[in-house]
Amino acid sequence: MIHNKVNITRPLNLSDSITQYRGRFAPSPSGNLHFGSLIAALASYLHAKHQQGLWLVRIEDIDPPREIIGASSAILATLDAYGLHWDETVLYQSQQSDLYRDVLQQLAEKELTYCCQCTRAQIKVQGGIYQGQCQELNLPSKNNAIRFRNHQGIFHYNDLIQGEYLTQLEFAQEDFILTRKDGLFAYQLAVVVDDIYQNISHVIRGCDLLEPTVRQLSFYQQLGYQAPEFGHVPLAVTEQGFKLSKQNKAPEIDNTNPSPSLILALKFLGQNPPDELYSYSVEQIIRWATDNWSTDDIPKKHEITFS
Ligand SMILES: [Zn+2]
């Protein structure tokens with residue numbers, strides 16, 4: 001069940017409420033999965049399967065300059081090797097441009113967007129939050145970013161894992177970017193439109209996206225769609241406090257021997273896997289983890305040092 005069109009002017013009705021659990025994992029193809037992204041993939045998978053839900057994979061390939069050739073297929077091969085088998089066809093954001101443009105057009109017709117010429121450096125000088133300088137300038141779209149007129153400013157919500165989450169009003173109220181100066185679609189636009197398109201009911205992901213969630217909630221409200229439930233698992237960080245990432249050479253995980261890192265990821269998520277799991281097959285480990293999945297046992301921390 002997918003929305004073929006995201007129509008922000010249609011009236012809401014009860015059939016819009018999502019009755020089936022539909023979760024997703026949405027990596028960007030800027031490298032293969034590493035231990036940090038395995039944690040997010042595993043958590044979203046287990047949360048879905050524990051509730052007999054569907055689990056989809058979406059490749060967020062809307063930033064060609066950061067894309068690494070072959071990364072998408074490497075990610076999918078790793079998920080398979082780790083027993084994280086997805087339902088339905090993999091969605092590639094690079095195939096969704098017409099839908100994003102259509103939503104931008106609808107927002108423009110409702111005067112919910114405007115063009116902005118401010119540079120990153122100018123915004124940084126003003127404290128890192130854009131102050132709305134271009135709101136009434138009627139700038140052309142060429143070589144300018146498109147911003148969302150954020151009338152909602154949702155600044156708190158109840159996270160499935162972290163509990164009540166509160167962020168600064170100034171951040172929550174910012175007119176955030178929907179397309180960049182170079183014309184590429186921004187993350188906030190693509191992720192919300194695709195979660196609506198795929199009828200996603202639950203988003204389980206890493207705490208690096210905890211704060212932007214408030215913007216996504218504002219965007220949902222303005223679009224007139226029910227937002228999914230959000231839950232954020234702790235980030236694995238280095239001793240220096242850096243997120244384990246493709247950029248800081250986090251260890252790639254071994255497709256030929258998945259069990260040790262799978263069990264380590266379960267421990268990281270507070271799931272207390274018993275020692276006998278080391279003698280289990282990947283499928284048996286995933287089965288145990290699905291049956292025993294407990295969000296209450298996930299540490300309520302935004303970051304955990306992993307070394
Ligand atoms: Zn501006």
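Which residues of strand E5 (residues 145-148) point one way, and which the other way? In this predicted model, Ala145 and Arg147 point one way from E5, whereas Ile146 and Phe148 point the other way, and all of them are buried.

The pairing of E5 can be followed on both of its flanks. With strand E4 (residues 113-116), E5 pairs in the antiparallel sense over four bridges; within that pairing Cys116 has Ala145 as its bridge partner, and Cys115 has Ile146. With strand E8 (residues 177-179), E5 again pairs in the antiparallel sense, here over two bridges, and Ile146 stands opposite Thr179 in E8. Taken together, the three strands form an open, antiparallel sheet in the order E4-E5-E8. Its edge strands are E4 and E8, each of which pairs on one side only, and neighbouring strands of this sheet are turned against each other by 40° on average, with direction ignored.

Another sheet is found earlier in the chain. Three strands form this open sheet in the order E1-E2-E3, and their pairing is parallel. Strand E1 (22-25) and strand E3 (91-92) stand at the edges with a single partner strand each, so one side of each is left without a neighbour in the sheet. E2 is mostly covered, since five of its six residues are buried. The chain crosses from E1 through helix H1 to E2, and this β-α-β crossover is right-handed. E1 and E2 pair in the parallel sense over four bridges, and among the partners are Gly23 with Trp55 of E2 and Arg24 with Leu56 of E2. On the other flank, two bridges join E2 to E3, which run parallel, and Arg58 has Leu91 of E3 as its bridge partner.

The passage from E2 to E3 brings in helix H2 (residues 71-81), for E2, H2 and E3 make a right-handed β-α-β unit. Which residues of H2 are buried? They are Ala71, Ser72, Ile75, Thr78 and Leu79. Because these residues cover an arc of only 130° around the axis, they lie on the same side of H2. What covers them includes helix H1 (35-50) and strand E2 (54-59). Just after H2, Gly83 takes a positive phi of about 75°.

A further parallel pairing appears later in the chain, where five bridges join strand E9 (residues 202-206) to E10. The chain crosses from E9 through helix H7 (residues 212-223) to E10, and this β-α-β crossover is right-handed. One of the bridges places Gly206 opposite its partner Val233 in E10. Strand E10 (residues 229-233) is mostly covered, with four of its five residues buried.

Val233 also leads into the interior of the model. The largest nonpolar core has 44 residues, and those with the most contacts inside it are Ile39, Ala41, Leu42 and Val233. At least two residues of this core are supplied by each of H1, E2, H2, E9, E10, strand E11 (235-237), helix H8 (259-268) and helix H9 (282-291). The largest share, nine residues, comes from H1. Leaving aside its neighbours within four places in sequence, Ile39 is in contact with Val233, Ala236, Ala265, Phe268 and Leu269. A second, separate core of 24 residues includes Val103, Leu112, Val192 and Phe219.

Phe219 can finally be set beside a residue with other surroundings. Is Asp275, which lies in the loop between H8 and H9, buried or exposed? With 7 C-beta neighbours inside 10 Å, Asp275 counts as exposed, because the cut-off for an exposed residue is 12 or fewer. Asp275 and Phe219 are 56 residues apart in sequence, and from C-alpha to C-alpha they are 45 Å apart in space.

How values were computed. Residues numbered from 1 in each chain as written. Predicted model: local features only at pLDDT ≥ 70, side-chain atom pairs only at ≥ 80, totals over all residues. Buried ≥ 20, exposed ≤ 12 C-beta atoms within 10 Å, placed from the backbone. Pairing = 2+ DSSP bridges. Right-handed = clockwise from strand over helix to strand, strands pointing away. Axes fitted to C-alpha atoms, helices over the stretch in contact; angles between N-to-C directions. Arc of directions from axis to C-beta. Contact = placed C-beta atoms within 7 Å. Core = buried A, V, L, I, M, F, W, Y, C linked by C-beta atoms within 7 Å.
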